[in-house]
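The following exercises concern ligand surroundings and charged side-chain pairs. Please work through each task before reading its solution.

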Amino acid sequence: MTGIRMTLDELRQLARAKLLGAGLAPAHAEAVAETMVAGERDGCTSHGIYRLLVAVSSIDKGVVVPDAEPVLSEPARALVRVDGGGGFAQLAFQTGLPMLIEKARTNGIAALALNNVVHFAALWPEVEELAEAGLVALAFTPSHAWVAPSGGAEPVFGTNPIAFGWPRLDGPPFVFDFATSMVARGEIELHRRAGKRVPDNWGVDAEGRLTTDPAAILSGAMRTFGGHKGSALAAMVELLAGPLIGDMTSRESIEWDAGRGGSPLGGELIIAIDPKGFLGDLLPEHQARAEAMFGAITGQGARLPSARRYAARRVSLAEGVEIPADLYRDVMALNG
Ligand code: NDP
Ligand code: PYC
């Protein structure tokens with residue numbers, strides 16, 4: 001048996017039931033299940049239903065506050081803050097989203113800080129939702145110190161994703177979302193689960209030697225993508241979504257975890273820009289110029305980021321998804 005086929009609704013019910021069974025409050029369970037289903041639906045398996053194992057483990061270890069109530073505040077005219085109270089990030093984001101959109105439309109630009117949230121998810125659902133609302137969006141979050149800076153072998157950075165969304169004239173937004181490490185840690189974990197080696201440039205073992213053994217990298221250090229360039233971007237993410245918003249760096253997050261192996265605790269920064277702010281009535285003209293750039297990419301056979309994801313989404317909506325048998329077994333075993 002290679003996999004278990006499920007509709008997205010069956011997957012959603014399963015994820016919610018397992019999260020509720022682990023003791024997560026209903027509003028969190030709904031928001032968290034939705035991002036896992038979205039990940040599986042779009043073929044992002046490192047942040048799909050596999051994350052149920054991660055989230056339930058964080059609940060069981062007491063890393064996350066299962067019934068945290070996000071608290072919304074307005075530190076300045078264009079700033080929104082949500083204190084997640086140690087709960088998962090999804091409900092905190094949903095709490096801050098309406099005010100972020102409203103402020104971006106009023107001021108031309110606005111930023112939302114999520115503080116004190118446990119983060120295990122991909123960022124593209126958030127920037128995609130903002131771009132669907134007509135806004136240009138950026139999102140950043142640190143994680144745990146697992147990644148060595150370029151030129152070193154000691155972990156300092158998290159896997160620190162950067163996500164960007166741009167509304168398009170016809171069709172879904174232009175979105176990219178990637179870790180500033182060579183790859184997300186979840187991808188290395190999936191290789192370990194499947195007993196597969198990883199490419200020889202993803203990370204080093206505890207002695208700083210390059211290795212293809214995923215377990216050795218997980219206990220050694222991951223590498224940034226693009227050498228010193230990825231390293232600088234990883235540092236930028238630490239600063240923007242750590243000290244700038246009064247929250248933890250990846251080193252502080254892993255210290256706080258104290259060896260429990262839970263998901264990272266800390267902050268996330270989301271910036272939303274209303275293109276009408278700069279452009280007013282000239283917006284359609286300049287949107288058309290952006291479309292010309294997209295056309296110049298796809299016109300030569302290159303693909304846009306998210307094209308694979310949107311194609312996977314179309315298939316999943318029609319046919320459901322196939323969950324690997326060993327993952328399904330482990331999910332079914334959750335909560336005893
Ligand atoms: P990838 O290296 O696979 O890069 C993903 C991005 O690059 C996607 O936008 C993808 O689009 C695009 N892309 C991939 N290949 C191509 C190509 N050939 N041409 C054009 N675009 C391409 O992902 P990562 O492993 O770096 O990250 C995966 C996920 O992990 C992200 O969603 C990230 O948010 C999440 N993550 C979350 C963290 C957290 O702390 N919360 C930490 C680290 C990562 P497409 O999807 O269409 O393939
Ligand atoms: O895959 O690197 C990762 C990750 C960290 C936190 C959430 N995902």
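The exercises below refer to a predicted model, and each is followed by a worked solution.

**Exercise 1. The surroundings of ligand 2**

Task: Determine which residues surround ligand 2, and establish how much of its area the protein buries.

Solution.
Step 1. List the shell. Ligand 2 is surrounded by His-47, Arg-51, His-119, Phe-120, Trp-146, Thr-159, Ala-184, Arg-185 and Gly-186.
Step 2. Sort the shell by class. There are 3 nonpolar, 4 polar and 2 charged residues around ligand 2.
Step 3. Identify polar contacts, for which the cut-off is 3.5 Å between N or O atoms. The side chain of Arg-51 places an N or O atom 3.2 Å from an oxygen atom of ligand 2. The backbone also takes part: an N or O atom of Arg-185 lies 2.8 Å from an oxygen atom of the ligand, and a polar backbone atom of Gly-186 is 2.9 Å from an oxygen atom of ligand 2.
Step 4. Consider the area. Ligand 2 taken alone exposes 250 Å², and the protein buries 91% of that.

**Exercise 2. The surroundings of ligand 1**

Task: Describe the shell around ligand 1 by class and by secondary structure, then examine its polar contacts.

Solution.
Step 1. Count the shell. Ligand 1 is surrounded by 23 residues, of which the closest are Ala-121, Asp-177, Ala-179, Ser-306 and Arg-308.
Step 2. Sort by class. The shell of ligand 1 holds 13 nonpolar, 6 polar and 4 charged residues.
Step 3. Locate contributing elements. At least two shell residues come from each of strand E8 (174–178) and helix H12 (307–319).
Step 4. Identify polar contacts. For nitrogen atoms of ligand 1, a polar backbone atom of Ala-121 lies at 2.7 Å, and an N or O atom in the side chain of His-119 lies at 3.3 Å. An oxygen atom of ligand 1 is 2.9 Å from a polar backbone atom of Ala-184.
Step 5. Consider the area. Of the 930 Å² that ligand 1 exposes when taken alone, the protein buries 74%.
Step 6. Compare the two shells. His-119 and Ala-184 appear in the list of residues surrounding ligand 2; His-119 also contacts ligand 1 through its side chain, and Ala-184 through its backbone.

**Exercise 3. Salt bridges between helices**

Task: State how many salt bridges the whole structure contains, and explain why the pair Arg-193 and Asp-330 ties together parts apart in sequence.

Solution.
Step 1. Recall the principle. Side chains of opposite charge can pair when their charged atoms come close.
Step 2. Give the total. A search of the whole structure finds 16 salt bridges.
Step 3. Examine the pair. The closest N and O atoms of Arg-193 and Asp-330 are 2.9 Å apart. Arg-193 belongs to helix H6 (residues 185–194) and Asp-330 to helix H13 (residues 325–332), so this bridge ties together parts that are 137 residues apart in sequence.
Step 4. Assess accessibility. Arg-193 counts as partly exposed because its relative accessibility is 27%, and Asp-330 is likewise partly exposed, at 23%.
Step 5. Look for a further partner. Asp-330 also meets Arg-329 in a salt bridge (3.1 Å, N to O). Arg-329 counts as exposed, at 52% relative accessibility.
Step 6. Note a network. Arg-41, Asp-42, Glu-128, Arg-309 and Arg-313 are joined into one network by salt bridges that share partners.

Definitions and conventions. Residues are numbered from 1 along each chain as its sequence is written. Chains are lettered from A and ligands numbered from 1 in the order in which they are written. This is a predicted model: local features need pLDDT of at least 70, side-chain atom pairs count only at pLDDT 80 or more; totals for chains, interfaces and linings use all residues. Side-chain values use heavy atoms; hydrogens and water are left out. A residue is near a molecule or strand if one of its heavy atoms lies within 4 Å of it. A polar contact is a pair of N or O atoms within 3.5 Å; within protein, one must be able to donate a hydrogen and the other to accept it, and residues adjacent in sequence count only if both atoms are side-chain atoms. Accessible areas come from the Shrake-Rupley method with a 1.4 Å probe; for residues, only the protein chains shown count as cover. Ala, Val, Leu, Ile, Met, Phe, Trp, Tyr, Cys and Pro count as nonpolar, Asp, Glu, Lys and Arg as charged, and the others, Gly among them, as polar. Helices (H or I, at least four residues) and strands (E, at least two) are DSSP runs, numbered from the N terminus. A salt bridge is a side-chain nitrogen of Lys or Arg within 4 Å of a carboxyl oxygen of Asp or Glu. Buried means under 20% relative accessible area, exposed over 50%, partly exposed in between (1.4 Å probe, protein chains only).
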